[in-house]
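Thanks, everyone, for making the time this morning. I would like to walk you through one model, and I will ask you to keep the picture open while I talk.

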Amino acid sequence: MSDNLDLIITAIPYLLKGALNTFYLSIGGIAGALLIGLILAIFRISGIKILSGFGRVYVSFFRGTPLLIQLFIWYFGLTSFSIVLSPWQAAFIGLSVHFGAYISESLRAAIVSISKGQWEASLSLGMTNKQTFLSIILPQAWRRSIPPVFNSLIDVVKGSSLASVLTIQELTYKADLISASSGFVVLPILLEAALIYWGFTTILNVTQNRLERRLQV
């Protein structure tokens, strides 16, 4: 028992270094996923067949295939076309395009749930389609989409653990490394890593709750 406790204490600084890389991955993935999700949602509701068709196929593919396979495609598969990405580049792109598909559906559903009467009222007041969308529709859609969007953002944090297969020394990679070097004392280290992931996702949950309360006011 005392040996496990010593190992847990010794592992803390190494796991925190990995957690910092997890933080960077998550922030990059979240930013990319939000941007891609918004663009795809606009494509889907645009009424332009090429754009809406592209958005539909994109969402179907990236939601219908595993994130791990997608990461392998970005990192290993593109080398067939002489395109070489670093592990970090592949992970950022993989997380962004994968979870962007989920976020786009959340945003699209929120946008189409807004009454058409609001569009008509805004246009009757002399507002353009762009002004109506940015000033009237999008703020309301964002408020409605907060719960599902934040669920996807939490999944970005958890999905970043798969970047360990690309040799990025994030939290999961560090936990595996420490477990192997300690004679495969696995459970205490994995529980320690799980608590750190839980801390990240708890921060997102708190942020979601505060946003919801603020927007309700």
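I will go through helix packing, then two single residues, then the salt bridges, and finally a patch on the surface.

Please keep in mind throughout that what you are looking at is a predicted model, and that every value I quote has been computed from it.

Let me begin with two helices, H6, which covers residues 129–159, and H8, which covers residues 187–216. A pair like this is described by the angle between the two axes and by the distance between them. For H6 and H8 the angle is about 170 degrees, and the axes are 10 Å apart. Since an angle over 145 degrees counts as roughly antiparallel, H6 and H8 are therefore roughly antiparallel to each other. If you would like to find the contact on your screen, the residues that H6 brings to it include Trp142, Ile146, Phe150 and Leu153, while those from H8 include Tyr197, Phe200, Leu204 and Leu211.

Two of those H8 residues, Tyr197 and Phe200, come up again when we turn to Thr22, because Thr22 touches both of them, along with Ser160, Glu170 and Leu171, if we leave out residues up to four places away in sequence. Thr22 itself is found in helix H1, residues 2–45, and is it buried or exposed? Its relative accessibility is 0%, so Thr22 counts as buried.

Ser181 makes a useful contrast to keep beside it. Ser181 has its place in helix H7, residues 171–181, and, at 63% relative accessibility, this residue counts as exposed. From Ser181 to Asp6 the distance is 14 Å in space, C-alpha to C-alpha, although 175 residues separate them in sequence.

Now to the charged side chains. Side chains of opposite charge can pair when their charged atoms come close. With a limit of 4 Å between the nitrogen and the carboxyl oxygen, the count comes to four salt bridges.

In one of them the side chains of Arg44 and Glu105 meet, at 2.7 Å from N to O. Arg44 lies in helix H1 and Glu105 in helix H4, residues 87–112, so this pair ties together parts that are 61 residues apart in sequence. Both Arg44 and Glu105 are buried, with Glu105 at 16% relative accessibility.

Glu105 also forms a salt bridge with Arg63, where the closest N and O atoms are 3.8 Å apart. This second pair likewise links distant parts of the chain, with Arg63 in helix H2 and Glu105 in helix H4, 42 residues apart. Arg63, at 40% relative accessibility, counts as partly exposed.

A further salt bridge joins Lys158 to Asp155, with 3.5 Å between the closest N and O atoms. Because these two residues are three apart in helix H6, about one helical turn separates them. Lys158 is partly exposed, at a relative accessible area of 45%, and Asp155 is partly exposed as well, at 33%. Elsewhere, salt bridges that share partners join Arg44, Arg63, Glu105 and Arg108 into one network.

Last comes the surface. Phe61, Ile69, Phe72, Ile73, Phe76 and Val165 form a nonpolar patch there, and together they have about 500 Å² of accessible area. Which helix gives the largest share of that patch? Helix H3, residues 67–75, does, with three residues. Phe61 sits instead in helix H2, residues 49–64, and is partly exposed, with a relative accessible area of 39%.

Technical notes: Residues numbered from 1 in each chain as written. Predicted model: local features only at pLDDT ≥ 70, side-chain atom pairs only at ≥ 80, totals over all residues. Heavy atoms only, no water. Patch = residues over 30% accessible without salt bridge, like charges linked within 9 Å, V, L, I, M, F, W, Y side chains within 5 Å. Areas by Shrake-Rupley, 256 points an atom, 1.4 Å probe, with all protein chains shown as cover. Helix = DSSP H or I, 4+ residues; strand = E, 2+ residues; numbered from the N terminus. Buried < 20%, exposed > 50% of the residue type's maximum accessible area, 1.4 Å probe, protein only. Axes fitted to C-alpha atoms, helices over the stretch in contact; angles between N-to-C directions. Parallel < 35°, antiparallel > 145°, perpendicular 65-115°, else oblique. Contact = heavy atoms within 4.5 Å.
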